[in-house]
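Work through the following exercises with the sequence and the 3D structure open beside you. Try each task before you read its solution.

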Amino acid sequence: ASCSDGDDGTATITTTTAATCAGTGTTITVNVSGITNASGDDCSDGSCSYTITVPSGWTVSPSLGNGSGSNYNGNKIHTITPPATATAGVYNYTISGNVGGTTSGSCTVKRAPSVSITAPSNICSGSKVSPSNPTVTQNNGTQSGSGWQWSSSSGGTYENFTPSSKTWTNTGTTNQTYYLHYYSENECGRTTSSNVSFAVKPNPTVGITGTPGGTQCAGTEITLNGTSNLTGTTYSWSGGSTAGSNVVTGADRTYTVICTGTKDGCEGSATTSVSFYPALNRSSITEGEAWRCEGVASGAITISGSDASGAPGIYYQWLRNGSEVGAGNGMTSYTISSDEIASLSEGDYTYTRMVKDNCNDYGASEHVFTLHIIQGPSVTGISPASQEVCQNDNSHQITVSTIGGHDLQYTWYNGN
């Protein structure tokens, strides 16, 4: 290049590397030095200048002019500004002097973050929402803050929250809609994602009707019905039924019954208990038989029996040939007194025990005891009435005929 005074000179140009946010200016320092020529020209006549070439749409301030006087040599500060629409990236610029010398530099353009999210799945009341991780691009910036925010309306006030620690509840009967977004910020600004929505579904409030009061008789069928505050609720019972009602029956235990109601994947449950008495076990009496003579107040006989079990109110009724002879709460056994024996005429008498409780009417035990009343024994004849035998002759027999009696024993007399 040639100065206007005809002297030749050269310049050494250096500059700084810059970084800025789109639409924001950043300074660069241009240093021009080392202009030399034979006459020591410093371009004081204003003929020396330099040019800054920046990308299209950028601006340079102050505007360029000649470097006048000694100011040409040394540092000069300019502001270069990318347009607000500039995308993040590295942009190059060049500086050239008309007396020689050239350099290039770069400016890294940063932008506020780019943020996007997807809507989370709907949840049941009492659950935590689990949004997918947001997609965040920092656009050459450095993140300085970020987080989730929620609101009950799309255009409402948003509050910060942590998905893993917030539980969402819905005590109504219809879905409640909430809105989320995610924000990220860096040195170029803060970006908030678009709002996405999700629903908090109510859990059905489940109840059980038909639970009886008190303990039930063994084998009684109890029908329990499931109820819900939500139309369309389906039910499942701990006993396996999937209908709206469940039949419970049993004995000698308490059944805990759980009814689970489901609507749109959300559950509620209720629990009740039904208690049953043991089934009536009438147990038994000692089976056997005995003989007594008619009209004789001979020894009493005790018929033993074991305790029955079942519901409260166990009561015993003893029968003789089907007629009542003794009753009471604790009469597990029965004694046939000598007076009763003496009052009985000849014949067979069957004794049984009937048992009932508050849930069951009388029923007989399996075993019976039989009392035989018989006539007293008497001899009706001896055959032969007489006979002659030789001494030491044992070949002859005398037969005695009897009536009455049982398990008789005989005593013989020789007439002396």
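**Exercise 1.** Decide whether C188 is buried, partly exposed or exposed, and then work out which parts of the chain its disulfide with C21 ties together.

*Solution.* Begin with the accessibility in this predicted model: C188 has a relative accessible area of 24%, and since buried means under 20% and exposed means over 50%, C188 counts as partly exposed. Next, turn to its partner, C21, which has a relative accessible area of 14% and is therefore buried. The sulfur atoms of C21 and C188 are 2.0 Å apart, and the two residues form a disulfide. A disulfide is a covalent bond between the sulfur atoms of two cysteines. Finally, place both ends in the chain: C21 lies in strand β2 (residues 18-21), whereas C188 lies in the loop between β14 and β15 (189-192), so the pair ties together parts that are 167 residues apart in sequence. The angle about the S-S bond of C21 and C188 is -90°, and the link is left-handed.

**Exercise 2.** The structure holds three disulfides; describe the one between C124 and C266 and the one between C217 and C359.

*Solution.* Take C124 and C266 to start with: their sulfur atoms lie 2.0 Å apart in a disulfide, and the torsion about the S-S bond is about -90°, so this disulfide is left-handed. C124 lies in strand β10 (residues 123-124) and C266 in strand β22, so the pair ties together parts that are 142 residues apart in sequence. C124 is buried, with a relative accessible area of 16%, and C266 is buried too, at 0% relative accessibility.

Now consider C217 and C359, which are joined by a disulfide with an S to S distance of 1.9 Å. The torsion about the S-S bond of C217 and C359 is about -80°, so this disulfide is left-handed. C217 lies in the loop between β17 (206-209) and β18 (222-228), and C359 in the loop between β28 (347-356) and β29 (363-364), so the pair ties together parts that are 142 residues apart in sequence. C217 is partly exposed, at a relative accessible area of 25%, and C359 is likewise partly exposed, at 25%.

**Exercise 3.** Find the order of the strands in the open sheet that contains β22, and explain why β19 and β22 each have one side without a neighbour.

*Solution.* The open sheet has three strands in the order β19-β21-β22, and their pairing is antiparallel. In this order β19 (234-237) and β22 (266-276) stand at the edges, each with a single partner strand, so one side of each is left without a neighbour in the sheet. From one strand to the next, the twist averages 20°. Look then at the pairing itself: strand β21 (residues 253-263) is joined to β22 by 11 bridges, and C259 stands opposite A270 in β22.

**Exercise 4.** Locate the two salt bridges of the structure and state which parts of the chain each one ties together.

*Solution.* In one salt bridge, K110 and E187 have their closest N and O atoms 2.9 Å apart. K110 lies in strand β8 (residues 102-110) and E187 in the loop between β14 and β15, so the pair ties together parts that are 77 residues apart in sequence. K110 is buried, at 16% relative accessibility, while E187 is partly exposed, at 41%.

In the other, the side chains of R320 and E340 meet at 2.5 Å, N to O. R320 lies in strand β25 (residues 315-320) and E340 in helix α1 (residues 338-343), so the pair ties together parts that are 20 residues apart in sequence. Here R320 is partly exposed, at 23% relative accessibility, and E340 is buried, with a relative accessible area of 11%.

**Exercise 5.** Determine how the rings of W150 and Y178 are arranged, and name the aromatic cluster to which they belong.

*Solution.* The whole structure has 11 aromatic pairs. One of them is formed by W150 and Y178, whose ring centres are 5.7 Å apart and whose planes make an angle of 70°, an edge-to-face arrangement. W150 is in strand β12 (residues 145-151) and Y178 in strand β14 (residues 176-186), 28 residues apart, and both W150 and Y178 are buried. Together with F161, W168 and F198, these two residues form one aromatic cluster. To finish, look at W168 within that cluster: K166 lies over its face, at 4.7 Å from the ring centre.

Conventions: Residues are numbered from 1 along each chain as its sequence is written. This is a predicted model: local features need pLDDT of at least 70, side-chain atom pairs count only at pLDDT 80 or more; totals for chains, interfaces and linings use all residues. Side-chain values use heavy atoms; hydrogens and water are left out. Two strands pair if DSSP finds at least two bridges between them. Helices (H or I, at least four residues) and strands (E, at least two) are DSSP runs, numbered from the N terminus. Axes are lines fitted to C-alpha atoms, for helices over the stretch in contact, and angles run from 0 to 180 degrees between N-to-C directions. Rings of Phe, Tyr and Trp (its six-membered ring) pair if their centres lie within 6.5 Å; planes under 30 degrees apart count as stacked, over 60 as edge-to-face and the rest as tilted. Buried means under 20% relative accessible area, exposed over 50%, partly exposed in between (1.4 Å probe, protein chains only). A charge sits over a ring if NZ of Lys or CZ of Arg is within 6 Å of the ring centre and within 35 degrees of the ring normal. A disulfide is a pair of cysteine sulfur atoms within 2.5 Å. A salt bridge is a side-chain nitrogen of Lys or Arg within 4 Å of a carboxyl oxygen of Asp or Glu.
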